[in-house]
Amino acid sequence: MRADAEQNRERILEVARVALKASSAASLQSIAKAAGVGQGTLYRHFPTREALLLAVYRHDVEELIDVAPALLAEHPPAEALRQWFERLAAYGRIKHGVGEAVEAATRADLSGEYYAPTCAAITLLLDAGKRAGTLRPDVDAEDILQLVGFLWRTDFGADREARTAHLLTLVLDGLKPQ
């Protein structure tokens, strides 16, 4: 792909992420306009709305997976895990707001594609906390996924952010060693 085409694609994806977070009903036309490209350019990269939603989904999941080592390099393990959860919560808000992306991802079986890398990112964070003595030794990545599943399955309404922060604090408190 030419450099300018790749820049257009990335700009479209970034604008789409912001627009879809604001409203799951954001139109492709409004996304193209905000990205500063014509509709033809948008459709060359993303021939359908589902294709764009899937690309946003993939980008967000890959970004979430890739940030775990950087968080550990910058913060103590328990804080790195908290910040990773906060990013997961932000992703959950976007995913919740774009139910079509979730449905499309299921149809495309992307969940299976990202399950192992997500577990690996969580395991990296958990293992560092266990070594530091700040996290329980009897928890694993699958436990964590079960515990934080509320992030993308529940609509808390207007107080979503406050309730999410409270629930994440409860989860993190539960992960502390006895």
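This passage describes the salt bridges and an annotated segment of a predicted model.

Across the whole structure, a search identifies 9 salt bridges. One of these joins the side chains of R17 and E63, with a nitrogen-to-oxygen separation of 3.5 Å. The pair connects distant parts of the chain, since R17 belongs to helix α1 (residues 3-22) and E63 to helix α4 (residues 49-74), the two positions lying 46 residues apart. The partners differ in their surroundings: R17 is buried, at a relative accessible area of 16%, whereas E63 is partly exposed, at 41%. R17 is assigned to the buried class because its value of 16% falls under the 20% limit for that class. The R17 and E63 pair is also part of a wider arrangement, in which E14, R17, D60 and E63 are linked in a network of salt bridges.

Two further salt bridges involve residues close to one another in numbering. In the first, E10 pairs with R9, and the closest N and O atoms are 4.0 Å apart. Both side chains are partly exposed, E10 with a relative accessible area of 35% and R9 with one of 23%. In the second, the side chains of R136 and D138 meet at an N to O distance of 2.8 Å. R136 likewise counts as partly exposed, with a relative accessibility of 23%.

An annotated segment was examined next. An unreviewed UniProt entry places the feature "DNA-binding region" at residues 27-46. In the model, this stretch is 75% helix and 0% strand, and the C-alpha atoms at its two ends are separated by 13 Å.

T41 offers a more detailed view of one position in the model. This residue is located in helix α3, which spans residues 39-45. T41 counts as buried because its relative accessibility is 15%, below the limit of 20%. The side chain of T41 forms a polar contact with the side chain of R44, at a distance of 3.0 Å. When neighbours within four places in sequence are set aside, T41 is in contact with N8 and I12.

Terms used
Residues numbered from 1 in each chain as written. Predicted model: local features only at pLDDT ≥ 70, side-chain atom pairs only at ≥ 80, totals over all residues. Heavy atoms only, no water. UniProt positions renumbered as here; feature names shortened; annotations may be inferred. Helix = DSSP H or I, 4+ residues; strand = E, 2+ residues; numbered from the N terminus. Buried < 20%, exposed > 50% of the residue type's maximum accessible area, 1.4 Å probe, protein only. Polar contact = N/O pair within 3.5 Å; in protein donor to acceptor, adjacent residues only side chain to side chain. Contact = heavy atoms within 4.5 Å.
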